[in-house]
Amino acid sequence: MFNVIILTIFPEMFPGFLNYSLTGKALEKKIWNLEVVNIRFFAKDKHLTVDNVPYGGGAGMIMRPDVVGDAVDSILSAHKDTRFIYMTPSGTKFNQSIAKKLVEFSHITILCGRFEGIDQRVIDEYNPYELSIGDYVLSGGEPAAMVVLDACIRLIPGVVSNSDSIIEESFSYSGGMLEYPQYTRPEQWRKHRVPEILLSGDHKKISDWRQKQSQVITKKLRPELLDRETNDKFT
C-alpha cells in the first residue's frame, strides 16, 4: 500500500479532489492510505500560533521551527522509513519521472508550508526532498501536494484499469515526448474529419503515424523535451 502523511495547518483541505474519480475509488479500496496531521496541534500557546515575523525584517510571516519541528518529529519517530518531502517553489520541478520514483516508496510524508515558508533551520535539520510543481507561487503547499499525489496514485497498479493508457500518456510515451492527438466518434464533426490512417486498421502504420505526430507536437509545443538533460535526481 502507498501510505501518505500530510503535515498542514489546514487539514480540512484533504483529501480534496483526491476523494474523487480514480484516486477517490483507490482510497476507498485502500490501494493507498491518507493521514492528515494538523501542525497547529504542536503550537506552544493557547492561540495555536505557528508563525512569527522574520528575523532581519521583511514582509510576511515565517512558520516557526519549534512548532514545525515537533510535528515532523512526531511522524519520523513513528515512521522511520518515510520519505520526507517539502513542497516549495524553490524545489526540484516535479515531473513524470519523479512521480514514478515516488510510488516506489511505501510511505511518504509531505510538509505543506504557508505564509512566506518555513524557517530554514527545519530544512537544515531534516534535509527533506524539496519539490515544486512549477515556477509560480501558491498560497500554500496543499494544492501542490494534491497535484503530486494525483500524478503518483494513478501509477499504482490497480488504480487505472487499462495500464496501456498510462504507458501512452504524455511524458510516458516514447521517451518523455507529448502524447499524439486522439480522436473518437463521430467520424465527421463540423468541417473536421478523423485522419484516414486511423480508420485503416493497419496497426503498424497507425503506430508509426502516432510516433511521428508525437514528435511534431513535442517539437512545436515543448521542444526542450527532445534534448533535455534529466534534473529529477531523487535521493
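Let's start with Ile5 and the residues around it in this predicted model. Leaving aside residues up to four places away in sequence, Ile5 touches Glu35, Val37, Ile75, His79, His107, Ile108, Thr109 and Ile110. Look at those numbers: the list includes Glu35 as well as Ile110. Is Ile5 buried or exposed? Its relative accessibility is 1%, and buried means under 20%, so Ile5 counts as buried. For a feel of distance, try Ile39: in sequence it sits 34 residues from Ile5, and in space the two C-alpha atoms are 12 Å apart.

Now zoom out one step. Ile5 belongs to strand β1, which covers residues 2-8. Burial isn't just a matter of Ile5 here: 6 of the 7 residues of β1 are buried, so the strand is largely enclosed by the rest of the structure.

What does β1 pair with? One partner is β2, which runs parallel to β1 and is joined to it by 7 bridges. You can find some of the facing residues yourself. Asn3 stands opposite Asn33 in β2, and Ile6 stands opposite Val36 in β2.

These two strands are part of an open sheet of 5 strands, in the order β2-β1-β6-β5-β7, with parallel pairing. Walk along that order and you'll see that β2 (32-38) and β7 (129-132) are the edge strands, each pairing on one side only. The sheet isn't flat, either: ignoring direction, neighbouring strands are turned by 30° against each other on average. Next, find helix α5, residues 141-153. This helix lies across β1, β2, β5 (83-93), β6 (107-112) and β7, and it runs at about 175° to β1.

Time to visit some loops. Most residues other than glycine have a negative phi, and most peptide bonds are trans. Keep that in mind for the next four stops. Between β1 and α1 (21-28) there is a loop that holds Pro15, and the peptide bond from Phe14 to Pro15 is cis, with omega near 5°. Another cis bond leads from Arg185 to Pro186, again with omega near 5°. Pro186 sits in the loop between α6 (163-167) and β8 (188-189).

The other two stops are about phi. Lys30, in the loop between α1 and β2, has a positive phi near 65° although it is not a glycine. Is Lys30 buried or exposed? With a relative accessible area of 60%, Lys30 is exposed, because the cut-off for that label is over 50%. Leu48 lies in the loop between β2 and β3 (51-52), and its phi is also positive, near 60°. At 36% relative accessible area, Leu48 is partly exposed.

Finally, step back and take in the whole chain. It has 8 helices and 9 strands, and its C-alpha atoms fill a box of roughly 70 × 40 × 35 Å along the principal axes. Of its 235 residues, 40% are buried. Among contacts with a separation of 6 or more, 75% are between residues 24 or more positions apart. As for the outside, the accessible surface comes to about 13800 Å², and carbon and sulfur atoms account for 52% of it. The chain also carries 28 positive and 30 negative side chains, and the centres of these two sets lie 7 Å apart.

Technical notes. Residues are numbered from 1 along each chain as its sequence is written. This is a predicted model: local features need pLDDT of at least 70, side-chain atom pairs count only at pLDDT 80 or more; totals for chains, interfaces and linings use all residues. Side-chain values use heavy atoms; hydrogens and water are left out. Helices (H or I, at least four residues) and strands (E, at least two) are DSSP runs, numbered from the N terminus. Buried means under 20% relative accessible area, exposed over 50%, partly exposed in between (1.4 Å probe, protein chains only). Contact means heavy atoms within 4.5 Å. Accessible areas come from the Shrake-Rupley method with a 1.4 Å probe; for residues, only the protein chains shown count as cover. Lys and Arg count as positive and Asp and Glu as negative; His and the chain ends are not counted. The place of a charge is taken as NZ of Lys, CZ of Arg, CG of Asp or CD of Glu. Two strands pair if DSSP finds at least two bridges between them. Axes are lines fitted to C-alpha atoms, for helices over the stretch in contact, and angles run from 0 to 180 degrees between N-to-C directions.
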